[in-house]
Amino acid sequence: MMIRIFPYGAIQFMAFEHYKTFITTKLGVSGHVHRLMAGSMAGMTAVICTYPLDVVRVRLAFQVKGEHTYSGIIHAFKTIYAKEGGFLGFYRGLMPTILGMAPYAGVSFFTFGTLKSVGLSYAPTLLGRPSSDNPNVLVLKTHINLLCGGVAGAIAQTISYPFDVTRRRMQLGTVLPEFEKCLTMRETMKYVYGHHGIRKGLYRGLSLNYIRCIPSQAVAFTTYEIMKQFFHLN
């Protein structure tokens, strides 16, 4: 997880800034919409670059005591490559991941950016403070940053969660007994919905995922804002 999250987070935030600039200057799209577009594109870029690491992470996390198919990260890479069609084995479930990541990352950046701009516009003294690297620029206070990031994560996770469930099932591949019924995204979603429904199928585990997602996004956005000040980017 740690090996994956470093490049994933770095690529996502770097790509977001580049896409936002490109969309604003080259395409002429401004307002809040450019955050949604840039966030979606940044999320998809980060996913494509780090997806093999995510597949290995899921496989290792799914193992239970006494039934270890993989002895470690390198062994998992070798086994998947040898037994599941080479490089294609590392990209099983990529399509639902991209379809889920586009709204997830897009809504995350859009919600956080919108809450930030609205908060600083209507309650600058209550919610904001001068940036440490540029006193002329207002930034959110740390606890408000955490709150906005958490809200953004919760909303984005709710919208994209069915794709997340589909992705995990497809990533597990031959580990699951119903593997042959979940070869494509359509087959997987149809199988989950048909056997478990919406609440206990496509949205199963959502409340538990909130416990992971909300603090994760809150800390990620807050750290991002702090590092922008640290490197004098405001």
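This note goes through the cysteines, a nonpolar surface patch and one strand residue in a predicted model.

1. On the cysteines, a search of the whole structure turns up zero disulfides. For C148, the closest cysteine sulfur is the one in C213, and because the two sulfur atoms are 15 Å apart, they are too far from each other for a bond. A disulfide would need a pair of cysteine sulfur atoms within 2.5 Å.

2. It is also worth checking where these two residues sit with respect to the surface. C148 is buried, since its relative accessible area is 8%, and C213 is buried as well, with a relative accessible area of 0%; the cut-off for calling a residue buried is under 20%.

3. On the surface, L115, L147, V151, I155 and I159 together make a nonpolar patch of about 400 Å². Helix 6, which covers residues 142-172, supplies the largest share of this patch, namely four residues. I155, one of the patch residues, lies in helix 6 and is partly exposed, having a relative accessible area of 37%.

4. R129 belongs to strand 1, which spans residues 128-130, and with a relative accessibility of 28% R129 counts as partly exposed. If neighbours within four places in sequence are set aside, R129 is in contact with P124, V137, L138, V139, L140, K141 and Q229. As for L60, which is 69 residues away from R129 along the chain, the C-alpha atoms of the two residues are separated by 44 Å.

Conventions
Residues are numbered from 1 along each chain as its sequence is written. This is a predicted model: local features need pLDDT of at least 70, side-chain atom pairs count only at pLDDT 80 or more; totals for chains, interfaces and linings use all residues. Side-chain values use heavy atoms; hydrogens and water are left out. Buried means under 20% relative accessible area, exposed over 50%, partly exposed in between (1.4 Å probe, protein chains only). Patches are made of residues with over 30% relative accessible area and no salt bridge: like charges are joined within 9 Å, nonpolar side chains (Val, Leu, Ile, Met, Phe, Trp, Tyr) within 5 Å. Accessible areas come from the Shrake-Rupley method with a 1.4 Å probe; for residues, only the protein chains shown count as cover. A salt bridge is a side-chain nitrogen of Lys or Arg within 4 Å of a carboxyl oxygen of Asp or Glu. Helices (H or I, at least four residues) and strands (E, at least two) are DSSP runs, numbered from the N terminus. Contact means heavy atoms within 4.5 Å.
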